[in-house]
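Colleague: I should like to understand how the descriptive words used for a protein model are justified. May I put some questions to you about the one shown here?

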Amino acid sequence: MSGNAKVAGIIGWPVGHSLSPALHGFWLEAHKVDGAYVPLPVAPENFSFVLDGLRRAGFKGVNLTVPHKEAGFALAHETDEAAQIAGAVNLLIFGEHGHMIGRNTDALGLEASLRDAGVHITGETVVLFGAGGAARAGVLALNALGAKEIRILNRNASRAEALAGSLAPKIAACLTTGPLTDWPKAASDVKLLLNTTSAGMKGKDALNLDLAPLPNDAAVCDIVYNPLETDLLKNAKARGLKTIDGLGMLMHQAVPAFETFYGVRPAVTPELRRHLEAALK
Ligand code: ATR
């Protein structure tokens, strides 16, 4: 690294679990970039001071993870549409004179991951589980892929209704909602089941769904990547369905960040996936 190295990083609290340093580190090496990407553990009360300091120290920008995405949105001077819809940013770009641009690349990442996997849902009906921040990115991605109807099912059905109410004016797809118990009757004609809930994550309860009502040509995508093969994906595989794990979204959401920080558009490759799978272990 030279004295002119381009520096960026990820802010979280905690941040030790983040795969982003391994991800950007892989690309930095692959592209021989004169730069660095560092993990930055920052408590919420220090967040705005740290941002100011990093910017003044010449950082190109930062990725944000839990619990800073909403605070980052509030502090950004300019935001893209995906960030406005999510009310959260995962990327802050430091511009001239203290100007901060906030972006949310989660929906783009999920859309690219589903495209990569050959999932075609144009004009089709899909089911989405969840009604949190990740569900917002999920709705945007499914809409961008041309879904005709998105059935949003959530444990707490009123949260699903609120989510659909706020997103409906901004998207073309028809949004319907219900409790998780609607699953069997919602499943019979769908092309894709997308889980955006945190159920199935390491240490949390699984969804315990019966996948029998899904058509044989349906795909199942889980945005959880720890573990990489959730019980949901295991069951889907056992039923012979196409599965898409959460690593694809993680890799693709990082592409715009890397390109902005270092000026090179990186590729999502099988080598990168292997590198991250090793880092997960
Ligand atoms: P995020 O912003 O990451 O989406 P969140 O806002 O906390 O996080 O949302 C978590 C989502 O996972 C919610 O949809 C939650 O359902 P509720 O709204 O009913 O709480 C869902 N979730 C978490 N654990 C779950 C479980 N064991 N079974 C079903 N849904 C679960």
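The exchange below takes up the overall form first and then several individual residues.

Modeller: Please note at the outset that this is a predicted model. The protein has 11 helices and 12 strands.

Colleague: What makes the protein as compact as a globular protein of its length?

Modeller: The radius of gyration is 19 Å, and the globule rule gives 19 Å for 281 residues; the two values are close, so the protein is as compact as a globular protein of that length. Along its principal axes, the C-alpha trace spans about 60 × 40 × 35 Å. Buried residues make up 48% of the 281 residues.

Colleague: Why is T196 called buried?

Modeller: Buried means under 20% relative accessible area. T196 has a relative accessible area of 8%, and therefore T196 is buried. T196 lies in the loop between β10 (192-195) and β11 (219-222). Its neighbours in contact, leaving aside residues up to four places away in sequence, include L128, F129 and I223.

Colleague: How do you know that the side chain of T196 makes a polar contact with the backbone oxygen of F129?

Modeller: A polar contact requires a pair of N or O atoms within 3.5 Å. The side chain of T196 reaches the backbone oxygen of F129 at 2.8 Å.

Colleague: What places N90 among the buried residues?

Modeller: N90 has 3% relative accessibility, which is under the 20% cut-off, so N90 counts as buried. N90 is found in the loop between α4 (81-86) and β5 (91-94). Among the residues that N90 touches are V62, R103, D106 and Q253.

Colleague: Why are K32 and H97 called exposed?

Modeller: Exposed means over 50% relative accessible area. K32 is at 70% relative accessibility, so K32 counts as exposed. H97 has a relative accessible area of 80% and is therefore exposed. K32 lies in the loop between α1 and β2 (35-41), and H97 in the loop between β5 and β6 (100-103).

Colleague: What is notable about phi in K32 and in H97?

Modeller: Most residues other than glycine have a negative phi. K32, although not a glycine, has a positive phi of about 50°. Phi of H97 is likewise positive, near 50°.

Colleague: Which peptide bond leading to P14 or to P67 is cis or trans?

Modeller: Most peptide bonds are trans. The bond from W13 to P14 is cis, with omega near 5°. The bond from V66 to P67 is cis, with omega near 5°.

Notes. Residues are numbered from 1 along each chain as its sequence is written. Side-chain values use heavy atoms; hydrogens and water are left out. Helices (H or I, at least four residues) and strands (E, at least two) are DSSP runs, numbered from the N terminus. The radius of gyration is taken over C-alpha atoms; the globule rule is 2.2 Å times the number of residues to the power 0.38. Buried means under 20% relative accessible area, exposed over 50%, partly exposed in between (1.4 Å probe, protein chains only). A polar contact is a pair of N or O atoms within 3.5 Å; within protein, one must be able to donate a hydrogen and the other to accept it, and residues adjacent in sequence count only if both atoms are side-chain atoms. Contact means heavy atoms within 4.5 Å.
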